[in-house]
Amino acid sequence: MNPFKPKIRRYESLPSTNNEVARLAALGAAEGLAVIAEEQTAGRGRLQRTWISPKGAGLYFSILLRPQILVDRWPLITFIAALSVSDALLEACGLHTDIKWPNDLLAGERKICGILAEVAETELGRAVVLGIGINLTSEAYPKELAGRAVSVAELSLRPVVREQVLAALSRALTRRYSQMQEPGGTSLIIAEWMGRSSYGEGKLVRVTNGDEILTGVTRGLENDGALRLEIEGGEIKTIRAGDVVQVRAEKE
Ligand code: BTN
């Protein structure tokens, strides 16, 4: 598999970098086309949420991928994104992070990065628009989320240089994307994800998906990245979508 080098287009302001990459993908853009914006005026998160994106406060980045692996393994693309951000924040900022299933990056149990992968139908076939938002400063998230969100600047001992984070992220994505598409690559990505996530095994969590709420202990991942959850009575549920929160055992 030939590794690609992300080809980055820079914008002052966009509604959403994911929308811009989807627009360029529909026009036939090549894999690796990437977009970064200083601000987003209509940034989007998972589950139709808004991703607040003030000027200069975050890294708002999207990249076009045309994966060659089986479609049922495409959920793992968000895993390589999470691993790549984890690599990049360690390399560029000396910051250790945790990955919460499916793909939030946490630092000190607060969210520092979100990932949104969307499928785009294009003339060259089905593609993926992979969007990554990293909180670089505390202006990136609303004050009322301070207990649940955090930024690189608040935790890193080094000054945060956005270009260094971007360069490290580009390198990591290139490496991990080609790793995933090699023989045995998807199993390797799952193993590496398990090694970087405290949520993969043995964590008591509550999973909310619409009206359905399940509580149980995490028991690893399926081959396509679905979360295995052991509920009361020992039954294993397979979770393919939802919000996960850690449940703290009550003190006696
Ligand atoms: C989430 O945690 O809900 C995912 C957030 C993803 C935000 C990024 S910022 C760059 C890209 N453009 C968007 O509109 N969203 C993603």
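Reader: Hi! How far is the polar side-chain atom of Ser-16 from an oxygen atom of the ligand?
Author: In this predicted model, the two atoms are 2.8 Å apart.

Reader: Nice. And how far is an oxygen atom of the ligand from the side chain of Lys-111?
Author: An N or O atom in the Lys-111 side chain is 2.6 Å from a ligand oxygen.

Reader: What about Arg-44, is it a backbone or a side-chain atom that lies 2.7 Å from the ligand?
Author: For Arg-44 it is a backbone N or O atom, and its partner is a nitrogen atom of the ligand.

Reader: How much of the ligand does the protein cover, then?
Author: The protein covers 98% of the 420 Å² of accessible area that the ligand has on its own.

Reader: Good to know. Which residues come nearest to the ligand?
Author: There are 19 residues around the ligand, and the nearest are Ser-16, Gln-40, Arg-44, Arg-46 and Lys-111.

Reader: And which pocket is the ligand in?
Author: The ligand takes up the space of the largest pocket.

Reader: Which element gives the most residues to that shell?
Author: That would be β6, with four residues. At least two residues each come from α1 (17-26), β3 (58-65), β6 (110-122) and β7 (125-135).

Reader: Let's stay with α1 for a second. Is Asn-18 buried or exposed?
Author: Asn-18, which sits in helix α1, has a relative accessible area of 5% and is therefore buried, the cut-off being under 20%.

Reader: Which side chain does Asn-18 make a polar contact with?
Author: Its partner is the side chain of Glu-118, at 2.9 Å. Beyond its sequence neighbours within four places, Asn-18 also touches residues including Arg-44, Ser-62, Leu-116 and Val-129.

Reader: Changing topic: where is Ala-140?
Author: Ala-140 lies in the loop between β7 and α3 (152-155). Ala-140 counts as buried because its relative accessibility is 4%.

Reader: What does Ala-140 touch?
Author: Setting aside residues up to four places away in sequence, Ala-140 is in contact with Ile-52, Pro-54, Ala-57 and Asn-135. The C-alpha atoms of Ala-140 and Gly-58 are 5.6 Å apart, although 82 residues separate them along the chain.

Reader: Last one, then. Which helix holds Thr-186, and is Thr-186 buried or exposed?
Author: Thr-186 belongs to helix α5 (residues 185-196). Its relative accessibility is 17%, so Thr-186 counts as buried.

Reader: And which residues is Thr-186 in contact with?
Author: Not counting neighbours within four places in sequence, Thr-186 contacts Ile-69, Arg-73, Leu-76 and Met-180.

Methods
Residues are numbered from 1 along each chain as its sequence is written. This is a predicted model: local features need pLDDT of at least 70, side-chain atom pairs count only at pLDDT 80 or more; totals for chains, interfaces and linings use all residues. Side-chain values use heavy atoms; hydrogens and water are left out. Buried means under 20% relative accessible area, exposed over 50%, partly exposed in between (1.4 Å probe, protein chains only). Contact means heavy atoms within 4.5 Å. A residue is near a molecule or strand if one of its heavy atoms lies within 4 Å of it. A polar contact is a pair of N or O atoms within 3.5 Å; within protein, one must be able to donate a hydrogen and the other to accept it, and residues adjacent in sequence count only if both atoms are side-chain atoms. Accessible areas come from the Shrake-Rupley method with a 1.4 Å probe; for residues, only the protein chains shown count as cover. On a 1 Å grid over the protein atoms alone, a cavity is a set of points where a 1.4 Å probe fits but cannot get out, and a pocket is an open set with protein on both sides within 12 Å along at least five of seven lines; lining residues have an atom within 4 Å of a point. A molecule sits in a cavity or pocket if more than half of its atoms lie within 2 Å of its grid points.
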